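Me: I am new to this structure. Please take me through the terms used for it, one at a time.

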Protein chains: 2
Amino acid sequence: METLRERKKQRTREALLRAAAELFTTRGYEGTTVDDIAEAVDVSQRTFFRYFAGKEEAALALQGLVVTRFVQAVRERPAGEAPMEALRQSVLQGWATLHEVIEAVVPVELYLRLYRVVESTPVLLAAHLRRSEEIEETLARLLAEREGVDVDADPRPRLAVAVFGGVMRVTERQWVAREDFGLEEMRALTVSYLEQVGPALTENWRTR
Amino acid sequence: METLRERKKQRTREALLRAAAELFTTRGYEGTTVDDIAEAVDVSQRTFFRYFAGKEEAALALQGLVVTRFVQAVRERPAGEAPMEALRQSVLQGWATLHEVIEAVVPVELYLRLYRVVESTPVLLAAHLRRSEEIEETLARLLAEREGVDVDADPRPRLAVAVFGGVMRVTERQWVAREDFGLEEMRALTVSYLEQVGPALTENWRTR
DNA sequence: AGGCTAATGGCAGCCACTGACAGTTGACGA
DNA sequence: TCGTCAACTGTCAGTGGCTGCCATTAGCCT
């Protein structure tokens with residue numbers, strides 16, 4: 001049984017998250033001030049900054065939930081599985097279970113719209129990419145351990161993860177750019193793009 | 001023959017670039033204010049912002065010179081060459097001719113130290129990564145045209161460039177982390193890592 | 001009930017960045 | 001050569017993100 005104080009904090013945090021998502025998707029990221037968000041939840045600006053390191057974090061925290069699940073999924077993949085396949089399965093699994101993670105805080109539809117804001121706001125995109133790199137470092141160490149190689153002596157873990165991350169980012173961008181962008185579309189794109197990495201690296205593309 | 005006004009502008013810009021590089025590498029990026037930079041060149045803060053869109057840009061402008069050359073090199077590669085090979089050759093060429101591009105503004109040694117600052121300062125790294133993505137979009141269109149495919153219908157150009165970019169970023173990070181980091185080391189790492197992308201994607205890594 | 005501590009609010013201040021306006025200086029034709 | 005125009009610069013005022021500090025409030029625990 002958690003204490004009242006903890007429940008209150010949890011509620012404040014989620015309220016801030018909701019207000020931020022709502023405002024960012026309607027007025028835009030730059031068009032929303034931290035004061036706006038704080039006011040919507042009826043707390044002081046100072047309190048906002050006690051919950052989030054900055055405005056960016058409030059915009060990316062929801063994705064953080066999904067990413068955490070994804071990394072955890074990789075950790076739990078069977079040891080015999082090939083590295084790239086473990087990543088692939090974990091991502092697909094992440095998309096499949098996204099609903100239950102997100103809906104506890106905001107409607108999935110709002111989450112998806114926020115995704116678009118992140119992708120189209122330069123400063124947010126930059127922060128997003130940096131976070132992706134941090135995750136890639138985590139994954140590289142994970143895979144190295146799994147495969148029993150030294151992550152600092154053998155570049156293959158980092159290379160594999162970087163390639164995977166690159167493909168995923170292309171996928172995200174294409175997905176967000178579409179009219180019909182839902183979770184099923186994302187799944188299909190992910191599978192398709194990962195299949196085409198090999199062909200993309202071959203000699204020339206004219207002979208399809 | 002360029003006019004006096006243009007020469008003066010050029011000089012101011014390069015002076016700001018030099019001062020920024022010097023200050024960032026000594027006091028750190030966060031430890032340097034825009035006022036510091038402006039004062040070092042004896043111009044107003046307002047003038048600084050007329051030359052650079054922000055503090056970040058002043059830190060990344062030098063790399064911009066190198067990147068521009070790189071993209072131009074890709075454009076000039078023979079049409080028959082395979083896409084990945086064109087990128088590879090262009091990067092190596094870029095490192096080889098870096099000296100003559102940079103030295104015109106600041107000592108190469110200072111440029112390399114600045115590289116480290118970018119890689120180790122979160123906000124700068126984020127901006128750097130975003131710019132990398134923009135470049136990747138440019139390259140994807142370039143390669144698509146070269147190969148005669150539609151960049152929006154065929155994902156292969158973007159995928160190839162994303163993979164290449166991912167590998168280059170891993171290379172950069174490893175290079176900067178080293179004690180002895182010079183241009184020759186960078187060249188060697190680039191060649192080595194690009195060779196290992198294939199192996200990194202194979203089944204498992206235990207049988208090296 | 002009352003002391004302890006975590007959480008909050010308010011305030012002052014720093015810094016990045018911008019718009020507006022006025023002053024200065026190079027460019028260029030008469 | 002000079003005067004006009006346009007480009008460049010400085011100053012100032014203001015906004016917004018973010019932080020440190022201190023006083024106040026509110027949940028926790030004995």
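Reply: A phosphate oxygen of DNA strand D is 3.2 Å from a polar backbone atom of Val34(A). The model is predicted: local features need pLDDT of at least 70, side-chain atom pairs count only at pLDDT 80 or more, and totals for chains, interfaces and linings use all residues. Residues are numbered from 1 along each chain as its sequence is written, chains are lettered from A and ligands numbered from 1 in the order in which they are written, and side-chain values use heavy atoms, with hydrogens and water left out.

Me: What makes the pair of Arg46(A) and DNA strand D a polar contact?

Reply: A polar contact is a pair of N or O atoms within 3.5 Å; within protein, one must be able to donate a hydrogen and the other to accept it, and residues adjacent in sequence count only if both atoms are side-chain atoms. A polar side-chain atom of Arg46(A) is 2.6 Å from a base oxygen of the strand, so the pair qualifies. For Lys55(A), a backbone N or O atom lies 2.8 Å from a phosphate oxygen of DNA strand D.

Me: Which residues surrounding DNA strand D are the closest?

Reply: Thr3(A), Arg46(A), Lys55(A), Thr47(B) and Arg50(B) are the closest of 22 residues; a residue is near if one of its heavy atoms lies within 4 Å.

Me: How do you know that the two copies are related as by a two-fold rotation axis?

Reply: Chain B can be laid on chain A by a turn of 180° and a shift of 0.0 Å along the axis, with an RMSD of 0.1 Å. The superposition is by least squares on the C-alpha atoms of residues with pLDDT of at least 70 in both. The copies are therefore related as by a two-fold rotation axis.
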